[in-house]
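Trainee: I'm new to this one and keep tripping over the labels. Could we go through them together and check each against its rule?

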Amino acid sequence: MMTISADQIEAKAESVLLELRKGERVGVTFGEEKAVQAYLVPGDLLPRNKGPRKLGGLKGKVTVTFADDFKMTTEEFLGL
């Protein structure tokens, strides 16, 4: 398996794509510790959806309720 740092993906895109074409995974490292944070995998390894996605699959099976005193600022909602 090839590993590459996140800041080198664009510069080495051709070699990354060649590895993926061979069916290999590519580990993406990030940060000073250079630990693998994500994997790029060949497209044929991804699960394929069979038909259109059905919306509302949990309708009638779950409920969501909020307390009367529930409040959230825009900053909290956006994680700022």
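Trainee: Why does E19 count as buried or exposed, whichever it is?

Mentor: Keep in mind that this is a predicted model. E19 has a relative accessibility of 19%, and buried means under 20%, so E19 counts as buried. This residue belongs to helix 1.

Trainee: Which residues is E19 in contact with, leaving aside its neighbours within four places in sequence?

Mentor: Those are M2, E24 and V26.

Trainee: What makes K22 and E19 a salt bridge?

Mentor: The closest N and O atoms of the two are 2.9 Å apart. The rule asks for a Lys or Arg side-chain nitrogen within 4 Å of a carboxyl oxygen of Asp or Glu, so the pair passes. By that rule the count comes to one salt bridge.

Trainee: And K22, is that residue buried or exposed?

Mentor: K22 has a relative accessible area of 57%. Exposed means over 50%, so K22 is exposed, while its partner E19 counts as buried at 19%.

Trainee: Which residues make up the largest nonpolar core?

Mentor: Five of them: M2, I4, V16, L20 and V26. Strand 1 (2–5) and helix 1 (13–21) each supply at least two residues of this core.

Trainee: What is I4 in contact with, leaving aside its neighbours within four places in sequence?

Mentor: The list runs I9, K12, V16, V26, G27, V28 and T29. Two names there, V16 and V26, also belong to the core.

Trainee: Why are F66 and F70 called a tilted aromatic pair?

Mentor: Take it in two steps. The ring centres are 5.1 Å apart, and the limit for a pair is 6.5 Å. The planes make an angle of 45°; under 30 degrees would be stacked and over 60 edge-to-face, so what is left is tilted. The structure holds one aromatic pair.

Trainee: How exposed are those two rings' residues, F66 and F70?

Mentor: F66 is at 57% relative accessibility, so F66 counts as exposed. F70 comes to 44%, which falls between the 20% and 50% cut-offs, so F70 is partly exposed.

Trainee: How do you know that the charged end of R25 sits over the ring of Y39?

Mentor: The distance to the ring centre is 4.3 Å, and the rule allows up to 6 Å for CZ of Arg. There is an angle condition too, within 35 degrees of the ring normal, and the charged end of R25 is listed as sitting over the Y39 ring.

Trainee: What is notable about the phi of K34?

Mentor: Most residues other than glycine have a negative phi. K34 is not a glycine, yet its phi is positive, about 55°. This lysine lies in the loop between strand 2 and strand 3 (35–40). At 52% relative accessibility, over the 50% mark, K34 counts as exposed. Leaving aside neighbours within four places in sequence, K34 is in contact with S5 and T29.

Trainee: Where is F77, and why is F77 buried or exposed?

Mentor: F77 has its place in helix 2. Its relative accessibility is 65%, so with a cut-off of 50% F77 counts as exposed. From C-alpha to C-alpha, F77 and N49 are 31 Å apart in space and 28 residues apart in sequence.

Trainee: Which elements have the lowest and highest mean pLDDT?

Mentor: Helix 2 (residues 74–78) has the lowest, 89, and strand 2 (residues 26–30) the highest, 95. For the protein chain the mean pLDDT is 89, and 100% of its residues reach 70 or more.

Terms used: Residues numbered from 1 in each chain as written. Predicted model: local features only at pLDDT ≥ 70, side-chain atom pairs only at ≥ 80, totals over all residues. Heavy atoms only, no water. Core = buried A, V, L, I, M, F, W, Y, C linked by side-chain atoms within 4.5 Å. Buried < 20%, exposed > 50% of the residue type's maximum accessible area, 1.4 Å probe, protein only. Helix = DSSP H or I, 4+ residues; strand = E, 2+ residues; numbered from the N terminus. Contact = heavy atoms within 4.5 Å. pLDDT = per-residue confidence, 0-100. Phe/Tyr/Trp six-rings, centres within 6.5 Å; stacked < 30°, edge-to-face > 60°.
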